[in-house]
Protein chains: 4
Amino acid sequence: MTAPLPERSAAREALAEIGRRFYGCGWVMGTSGNLSAVVSTRPLRLLITPSGAHKGRLQPADLLEIDRRGRVASGRGRASAETRLHLAVVDERGARAVLHTHSVWATILSRLHLDAGGLSVSGYEMLKGLDGVGTHEHREWIPILANDQDLSRLARRMRAALRRHPGAHGLLLAGHGLYTWGDSTTAAERHVEVFEFLFDVIGRTMEARHGTRENPR
Amino acid sequence: MTAPLPERSAAREALAEIGRRFYGCGWVMGTSGNLSAVVSTRPLRLLITPSGAHKGRLQPADLLEIDRRGRVASGRGRASAETRLHLAVVDERGARAVLHTHSVWATILSRLHLDAGGLSVSGYEMLKGLDGVGTHEHREWIPILANDQDLSRLARRMRAALRRHPGAHGLLLAGHGLYTWGDSTTAAERHVEVFEFLFDVIGRTMEARHGTRENPR
Amino acid sequence: MTAPLPERSAAREALAEIGRRFYGCGWVMGTSGNLSAVVSTRPLRLLITPSGAHKGRLQPADLLEIDRRGRVASGRGRASAETRLHLAVVDERGARAVLHTHSVWATILSRLHLDAGGLSVSGYEMLKGLDGVGTHEHREWIPILANDQDLSRLARRMRAALRRHPGAHGLLLAGHGLYTWGDSTTAAERHVEVFEFLFDVIGRTMEARHGTRENPR
Amino acid sequence: MTAPLPERSAAREALAEIGRRFYGCGWVMGTSGNLSAVVSTRPLRLLITPSGAHKGRLQPADLLEIDRRGRVASGRGRASAETRLHLAVVDERGARAVLHTHSVWATILSRLHLDAGGLSVSGYEMLKGLDGVGTHEHREWIPILANDQDLSRLARRMRAALRRHPGAHGLLLAGHGLYTWGDSTTAAERHVEVFEFLFDVIGRTMEARHGTRENPR
């Protein structure tokens with residue numbers, strides 16, 4: 001993770017474009033979802049979407065710059081309560097970008113598999129889109145945490161889950177969606193697309209399966 | 001609801017953009033759906049989509065301005081017969097914008113749950129996109145009314161339902177779609193996205209569920 | 001059907017825009033689908049999409065002008081073999097625009113219901129988007145014809161079906177898609193959206209239904 | 001396959017547009033998928049998407065030019081490991097364009113039908129979008145190969161499958177997606193749309209079927 005930090009203006013542009021693309025994919029409805037990128041490490045500075053922003057209309061100037069306590073250093077608007085989850089991921093993983101989407105399938109699967117504590121995915125070429133994964137035989141464990149309106153507590157639980165699962169590339173909050181990250185906005189966006197694709201495949205396989213007697217392998 | 005009223009030109013622009021976005025989401029097919037915004041309260045003036053407008057091509061100049069009886073005060077075209085439903089919501093809720101969408105899942109769920117009189121939704125983070133809702137544990141009751149071509153009667157039944165369910169943020173007409181509202185076009189659009197997302201989740205959960213033995217919580 | 005005929009340039013623009021919108025909806029994949037509009041009645045002249053055109057890239061200049069026998073009067077390219085189906089509809093219904101789409105759900109439902117000879121649809125507000133329909137209680141019968149590569153024979157069978165079902169607003173070719181029409185490109189496009197919406201609702205209701213014990217009404 | 005070769009600039013433009021359209025269709029998520037076009041036969045030169053390119057942002061200048069061994073002749077970036085699969089198809093079929101998509105339904109069906117060695121499709125008008133197919137009664141056999149991270153071995157297996165199935169217009173890699181081709185980028189794109197449409201139809205028919213007692217024919 002020694003890639004150079006992006007220019008603020010380039011990071012603003014990248015996040016705004018990602019927001020508009022994700023809106024087009026239906027992953028950030030109802031002003032859900034949050035997007036952030038690290039633009040300085042010492043001191044830590046994050047660009048992040050403000051609370052209540054419509055991602056389909058997101059503009060570079062809409063992004064807030066926050067410090068490591070989540071205080072707004074520049075920009076108009078209020079930082080989302082979920083800012084501390086972004087800071088937890090940056091801290092635990094050294095991530096340079098953290099993206100939170102809220103798709104239909106992530107919502108459904110995160111509830112169906114909450115009791116199991118996570119979702120195991122293997123056998124898909126798409127897994128190779130995750131950093132460091134070189135084969136479809138890779139088994140990705142996606143931890144699922146119960147949702148919580150106490151964001152401090154949720155951030156602590158997220159940190160603990162990230163430590164327990166050092167190989168995880170993302171995690172799900174039940175009924176709430178996906179958090180994933182990367183060493184750049186490009187890598188983090190790729191991770192979102194990989195996970196959302198896999199959720200779609202897993203969900204539709206459940207729908208289609210009982211129409212056949214063959215077992216998917 | 002003491003937010004300043006929008007300029008007419010801004011409200012026209014906002015409604016036209018919402019129409020085009022909703023078309024892109026597939027929620028206003030076949031010239032279905034109606035969008036309105038209050039631009040004056042004394043006397044009451046509403047901008048509203050004309051009857052038969054294709055929402056994917058909606059332009060600011062297409063919107064009609066109507067008075068509290070639904071008469072066209074300015075603009076070319078005929079006000080939709082559903083105008084009185086918009087006026088009922090404005091009157092009962094003090095709404096500044098009323099949006100009616102007509103999606104596939106709203107149509108299906110409104111018929112499947114008509115006998116139950118409504119649809120209960122809880123446990124989803126997305127619920128926090130509804131005004132005044134602070135937790136996913138909130139239980140939203142979405143009343144469902146039988147459809148009716150007598151719009152005066154339907155407007156009276158809608159008023160009665162709104163009074164019976166003062167906490168409701170939207171309601172469904174069976175086989176016909178969603179009505180929701182807000183204190184701005186921005187808030188009302190967010191409500192549409194929240195409800196349509198939830199309908200999608202509920203519908204697809206029904207499809208996927210019988211493929212698993214786990215129960216969603 | 002005494003509306004004035006559109007200017008050729010306006011009709012070209014309208015059809016090209018419809019093609020691009022339908023591509024965005026996924027209804028004309030693989031160069032499937034054909035779009036036509038009457039631009040002269042005496043003698044009869046139709047603008048129609050050429051064989052093999054990608055509808056997502058359709059431009060006004062791409063459209064062919066043909067006569068009542070389907071011969072190309074102006075434009076580059078070959079008229080589709082299905083041109084005679086368009087001419088049959090124009091002749092039988094006095095239509096000013098004929099649109100043929102080829103969607104996933106139309107394909108599935110046309111095969112599932114071929115033995116029944118058609119699909120009956122009632123109870124949906126969306127039906128009011130069909131010309132002359134004033135209530136959701138209307139029952140629309142959508143005839144389904146077996147597909148046939150002998151286009152002369154298929155055109156004759158289509159004419160016979162149109163005469164047998166004078167109230168029908170559209171018909172399905174099994175495994176092949178929808179034909180619908182209207183007294184303008186605007187009306188015909190509305191009919192496509194109405195039918196495609198209804199096919200989507202009917203298909204997804206089939207998927208969702210067995211997950212519930214309630215019966216849709 | 002004696003059509004004139006496209007100008008390099010036109011081929012670059014065509015592939016970039018295809019990439020952006022496929023992204024809009026959800027077929028190349030997570031930087032998956034690869035697109036190539038032959039721009040010279042003696043010596044063989046292929047334009048191909050570089051490894052890790054986001055297809056939704058693909059620009060003409062992003063494409064690499066490679067030789068028959070997959071070495072980059074011009075352009076910045078690394079050729080995808082799957083380049084040799086493209087070269088295998090060009091060699092075996094004399095294809096002028098090879099497109100690899102990675103859709104949800106292709107992923108699901110390729111796994112469900114791997115044991116059967118392929119997927120048989122018949123009865124759909126859409127099949128006529130495949131080069132040389134003149135009737136919906138055509139039976140297309142789509143071979144399915146197990147996925148493999150040894151790309152040399154996979155390329156050999158792909159060559160063998162292409163020889164065993166000389167009539168095949170495409171093939172599936174299990175859990176990995178579709179390869180198809182054509183004598184131009186236009187033809188290859190049409191083949192992708194035809195196959196992806198058919199996968200969607202087959203997948204949704206599986207979902208819908210158990211809701212009915214009628215058998216699709």
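Here are some friendly notes on how the chains of this predicted model meet and how the copies are related.

1. **Ground rules.** This is a predicted model in which local features need pLDDT of at least 70 and side-chain atom pairs count only at pLDDT 80 or more, while totals for chains, interfaces and linings use all residues. Residues are numbered from 1 along each chain as its sequence is written, chains are lettered from A and ligands numbered from 1 in the order in which they are written, and side-chain values use heavy atoms, with hydrogens and water left out.

2. **Chain C against chain D.** Let me start with this interface. Chain C brings 30 residues to the contact and chain D brings 31 residues, where contact means heavy atoms within 4.5 Å. About 2700 Å² is buried between the two chains, with 57% of that area coming from carbon and sulfur atoms. Buried area here is the accessible area (1.4 Å probe) that two parts lose on being put together, summed over both. If you want three residues to look at, try C:Arg111, C:Leu112 and C:Gln149: they supply 24% of the area that chain C buries against chain D, more than any other three residues.

3. **Polar links from C to D.** One salt bridge is found across this interface; the term stands for a side-chain nitrogen of Lys or Arg within 4 Å of a carboxyl oxygen of Asp or Glu. The partners are C:Arg57 and D:Glu189, whose closest N and O atoms are 2.9 Å apart. There are also 13 residue pairs in polar contact, both residues at pLDDT 80 or more. A polar contact is a pair of N or O atoms within 3.5 Å; within protein, one must be able to donate a hydrogen and the other to accept it, and residues adjacent in sequence count only if both atoms are side-chain atoms.

4. **What chain C offers to chain D.** Helix 3 (104-112) and helix 5 (185-209) of chain C each supply at least two residues to the side that touches chain D. Helices are DSSP runs (H or I, at least four residues), numbered from the N terminus. Helix 3 of chain C gives the most, with six residues. On this side of chain C there are nine nonpolar, 14 polar and seven charged residues, with Ala, Val, Leu, Ile, Met, Phe, Trp, Tyr, Cys and Pro counted as nonpolar, Asp, Glu, Lys and Arg as charged, and the others, Gly among them, as polar.

5. **Symmetry.** A turn of 90 degrees and a shift of 0.0 Å along the axis lay chain C on chain D with an RMSD of 0.0 Å, so the two copies are related as by a four-fold rotation axis. The superposition is by least squares on the C-alpha atoms of residues with pLDDT of at least 70 in both copies. In chain C, C:Glu207 comes closest to the rotation axis, at 4.1 Å (C-alpha). The copies use different surfaces, as 10% of the contact residues of chain C recur in chain D.

6. **Chain B against chain C.** Here 30 residues of chain B contact 31 residues of chain C, and about 2700 Å² is buried, 57% of it on carbon and sulfur atoms. A salt bridge joins B:Arg57 and C:Glu189 (2.9 Å, N to O). The polar contact count is 12 residue pairs, both at pLDDT 80 or more.

7. **An aromatic pair.** Eight aromatic pairs occur over all chains; rings of Phe, Tyr and Trp (its six-membered ring) pair if their centres lie within 6.5 Å, and planes under 30 degrees apart count as stacked, over 60 as edge-to-face and the rest as tilted. The rings of B:Phe195 and B:Phe199 have centres 6.2 Å apart and planes at 25 degrees, so this pair is stacked.
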